[in-house]
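Dear colleague,

I am handing over the structure we spoke about, so that you can look through it alongside my notes. Please read the notes with the model open.

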Amino acid sequence: MSGIGRTTAVALLGITGRMVEVEAHLSSQLPSFSIIGLPDAALGEARERVRAAASNTGSALPARRITVNLIPASVPKHGSGFDLAIAMAVFVAAGVVPADPAGTVHIGELGLDGRVRPVPGIIPMLAAAREAGAERAVVPAGNAAEASYVPGIRVEPVVTLRDAAILAGADLLAEPAEPVTAAAVTAADPEPKELADVVGNPTAVRALVLAAAGGHHVLFLGPPGAGKTMLAERLPGLLPDLDPVTALEVAAIRSLAGHGAESWTVRPPYEHPHHSTSPVALIGGGSRLILPGAVSRATHGVLFLDEATEFPRSVLDTLRQPLESGTVTIHRAVGRAHFPARFQLVLAANPCPCGRYGVPGPPCECPPLARRRYLGRLSGPLLDRIDVRLAVPRVTPARIRSDVDDPMTTAVARERVVAARAAMSRRWRGTPWRLNAHVPGTHLRSADIALPTTTTRSLDVGLERGTLTMRGYDRILRMAWTLADLAGEERPDTDHVRQAIALRSAL
């Protein structure tokens, strides 16, 4: 005498989900419980959690040999999010509930008391299930708010395993229970800071608006107290709200990082890791569970590295590939995990270890070799990927008094950014790009959109003399297009190109 029950779960690798069929087979042999199909240690322990939860639900598992198979067996499975699916498959095999209807997935961890506990990553799991054709998802009540943000799939929250069995058609009486809530990571959106607070640095303010409009990367170099951090903290407030597609991508990363109900936001994320951050914390990784790093959590937002020259050079150089491709691929023995990493990088650095080089006042005491080593942590290939490189001088009374015009406010700057991005959206309609910073140089130099040689003469001379790389050439072109969009012009002119060159070579 034997029975087979089936249901469906989702395995995550990075934010990529894959449907997993859960089979449970009951046979008339000595009682045992085994799980096969490449489970990790946490998933292998599910047999004890399922057995205890079923007993406390009022439907103890039969005293028979239970074999659970996770298909496909070649896909690594990790974590406790398969518990609910395993229990439901066993219930189907034992005849406690009818056969699971097609298009239903079960996600959740089981406690020994039978309550269904929330799991991280519910948003990418449901997004993957929806793409695979699932129409209904049974999830922990603690994940209900988070799961509701995924459109196109019906969410059925349950508090206990008994509730899930009743929902599937089991002949059991409902019993009230206190739901287990998720311990969400604090992820409050930062309050936008007022741009008008920045005085005496009009060039830096204009560069910040340019970066916000076109999605360009920025390096602020200057002495302590010049306002570098102040400028960087105001960049998120200049960015427009996320559209539904990008907001869901950001929410998927935050969900995997354990933000729970706080995963959903329409504001661009802002990450500012400390200079003691390791490469794994910055890029992402892990031996068993591969988690997103700061570059992925900053997707569609801002990654600010304050005191950038205090970061080890090996850490900074890990940014080179994400800055170019907009993605991160992490290779581990369990497989390859892909994360988005399309962010704006803002670096702030002092000119030397003591911070007084080139500044009026007490002289700098750093030897020339110390200065070179200090700034040498920003490697040439990394700097070549930075669009705006600006020296931020210390503010003096004379500079404050010279700033006689009304300072630009955050509201006014954001209006300019939104208008410029609308022009970019119209221009790049029908292409994979929305911001000038994301457009490949080959497209900008193609015959249908290339600027005339009279406009790019300064660029051509720099490339011919070797003072510009091809990457730098293309990045200046992108900035020139953004300057034209901010000015309301259809195409960049010679002045826009010269301004872009000046912003890139302002150090």
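What follows is a short account of a sheet, the cysteines and a cavity.

Please keep in mind that this is a predicted model.

I begin with the sheet, which is open and has three strands in the order β5-β8-β9, paired in the parallel sense. Because β5 (104-106) and β9 (154-158) stand at the edges with a single partner strand each, one side of each has no neighbour in the sheet. From one strand to the next, the twist averages 25°. The pairing between β5 and β8 (residues 136-140) is parallel and runs over three bridges, and within it Thr104 has Arg136 of β8 as its bridge partner.

Turning to the cysteines, a search of the whole structure finds zero disulfides. For Cys364, the nearest cysteine sulfur is that of Cys352, 3.6 Å away, whereas a disulfide would need the two sulfur atoms to be within 2.5 Å. Cys364 is partly exposed, at a relative accessible area of 21%. Cys366 is likewise in no disulfide, and the nearest cysteine sulfur to it, that of Cys354, lies 3.6 Å away; with a relative accessibility of 11%, Cys366 counts as buried.

As for internal space, the count comes to one cavity of 30 Å³ or more, and the largest cavity holds about 30 Å³. Its lining is formed by Met88, Val92, Val97, Pro98, Ala99, Asp100, Pro101 and Ala168, which divide into seven nonpolar residues, no polar ones and one charged.

With best wishes

Note on methods: Residues numbered from 1 in each chain as written. Predicted model: local features only at pLDDT ≥ 70, side-chain atom pairs only at ≥ 80, totals over all residues. Heavy atoms only, no water. 1 Å grid on protein atoms, 1.4 Å probe; cavity = no way out; pocket = protein on both sides within 12 Å on 5 of 7 lines; lining within 4 Å. Points joined across faces, edges and corners; volume = space filled by probe spheres on them. Nonpolar A, V, L, I, M, F, W, Y, C, P; charged D, E, K, R; others polar. Pairing = 2+ DSSP bridges. Helix = DSSP H or I, 4+ residues; strand = E, 2+ residues; numbered from the N terminus. Axes fitted to C-alpha atoms, helices over the stretch in contact; angles between N-to-C directions. Buried < 20%, exposed > 50% of the residue type's maximum accessible area, 1.4 Å probe, protein only.
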